[in-house]
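I am opening a fresh page for this structure and will write down each thing I look up, in the order in which I look it up.

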Amino acid sequence: MRKKRENFCVSRKITFWDFSGIITVEMAFIIPVILFVFFLSIMGIFYYHDKDIISACAYEAVVVGSTKAREKDGVTSDLVTAVFEERVRGKCILFGSVNGSAQIDEERIVIRASAFRGKLEVSVMKTASITEPERKIRKYRRLGLRFD
């Protein structure tokens with residue numbers, strides 16, 4: 001009868017091929033998560049890019065309306081909305097259709113713009129005061145004050 005060896009331990013080098021199935025399973029879970037985070041960050045970048053472009057176009061339209069309000073004919077909300085739509089047209093934005101509406105009071109002009117893509121929405125509101133610096137300068141000159 002043969003004697004059994006106690007504490008029999010075979011030392012063997014572990015190779016890459018021993019873990020090939022484990023790495024495949026782990027990558028099947030990790031790669032989709034990495035891709036999801038990557039595409040989510042790209043969508044976030046596009047969201048803020050489009051919001052900045054729409055905000056800039058709305059601000060330009062409000063300022064144009066504010067300067068035109070001092071003219072003899074004045075300004076209408078249709079004119080401000082048309083200026084906004086002209087500024088937005090041709091811009092490289094991900095969100096499809098951009099809608100804008102303007103409201104004009106005696107003291108200020110307000111434009112609200114929004115754009116949709118699927119469930120995402122971008123909305124912006126810009127205001128500008130209707131100023132009359134010519135009246136203020138004439139008033140100072142009439143009073144004999146120096147306007148700097």
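**Entry 1: cysteines.** I began with the rule for a disulfide, which is a pair of cysteine sulfur atoms within 2.5 Å. By this rule I count 0 disulfides in what is a predicted model. I then looked up the surroundings of two cysteines, and noted that Cys-57 is buried at a relative accessible area of 4%, whereas Cys-92 is exposed at 66%.

**Entry 2: the overall layout.** Next I wanted the plan of the chain before going further into single residues. The protein chain has 3 helices and 3 strands, and, read from the N terminus, its elements follow the order α-α-β-β-β-α. Of its 148 residues, 21% count as buried. I also looked up how far apart in sequence the contacting residues are, and found that, among contacts with a separation of 6 or more, 48% are between residues 24 or more positions apart. For the surface I noted an accessible area of about 12200 Å², with 56% of this belonging to carbon and sulfur atoms.

**Entry 3: the hairpin.** How do β2 and β3 pair, and over how many bridges? I found that β2, which covers residues 108-117, pairs with β3, residues 120-129, in the antiparallel sense over 10 bridges. The two strands form a hairpin with 2 residues between them, and Gly-118 in the turn has a positive phi of about 65 degrees. In this pairing Arg-108 stands opposite Ser-129 in β3.

**Entry 4: two serines.** I looked up Ser-114 while I was still at β2, the strand in which Ser-114 lies. With a relative accessibility of 16%, Ser-114 counts as buried, because the limit for that class is under 20%. Setting aside residues up to four places away in sequence, I listed its contacts as Ser-97, Val-98, Asn-99, Glu-121, Val-122 and Ser-123. For a second serine I turned to Ser-55, which has its place in helix α1, residues 20-68. Ser-55 is buried as well, at a relative accessible area of 17%, and, leaving aside neighbours within four places in sequence, Ser-55 is in contact with Val-124 and Lys-126.

**Entry 5: the salt bridges.** How many salt bridges does the structure hold? I found 3 salt bridges, and I went through them in turn.

- The side chains of Glu-60 and Arg-87 meet at 2.7 Å, N to O. Glu-60 lies in helix α1 and Arg-87 in helix α2 (residues 77-88), so this pair ties together parts that are 27 residues apart in sequence. Both ends are partly exposed, Glu-60 with a relative accessible area of 37% and Arg-87 at 26%.
- Arg-87 also meets Glu-86 in a salt bridge, at 4.0 Å, N to O. I noted Glu-86 as partly exposed, with a relative accessible area of 45%.
- Arg-108 and Asp-105 form a salt bridge at 4.0 Å, N to O. Arg-108 is partly exposed at 43% relative accessibility, and Asp-105 is partly exposed at 44%.

Looking at shared partners, I saw that Glu-60, Glu-86 and Arg-87 are joined into one network by their salt bridges.

**Entry 6: the nonpolar core.** Before looking inside, I reminded myself that in soluble globular proteins nonpolar side chains tend to be buried together. Which residues of the largest nonpolar core touch the most other members? Among its 23 residues, these are Ile-54, Val-80, Phe-84, Val-98 and Ile-111. The elements α1, α2, β1 (98-104), β2 and β3 each supply at least two residues of this core, and α1 gives the most, with 6 residues.

I followed one of these residues, Val-80, a little further. Not counting residues up to four places away in sequence, Val-80 touches Ala-61, Gly-65, Val-75, Ala-102, Ile-104, Ile-109 and Ile-111. Of the residues on that list, Ile-111 is itself named among the core residues that touch the most other members.

**Entry 7: looking back.** When I go over the page again, two places stay with me as starting points for a second look at the structure. One is Arg-87, which is in a network with Glu-60 and Glu-86, and the other is the core, to which α1 gives the most residues.

Methods. Residues numbered from 1 in each chain as written. Predicted model: local features only at pLDDT ≥ 70, side-chain atom pairs only at ≥ 80, totals over all residues. Heavy atoms only, no water. Helix = DSSP H or I, 4+ residues; strand = E, 2+ residues; numbered from the N terminus. Buried < 20%, exposed > 50% of the residue type's maximum accessible area, 1.4 Å probe, protein only. Contact = heavy atoms within 4.5 Å. Areas by Shrake-Rupley, 256 points an atom, 1.4 Å probe, with all protein chains shown as cover. Pairing = 2+ DSSP bridges. Core = buried A, V, L, I, M, F, W, Y, C linked by side-chain atoms within 4.5 Å.
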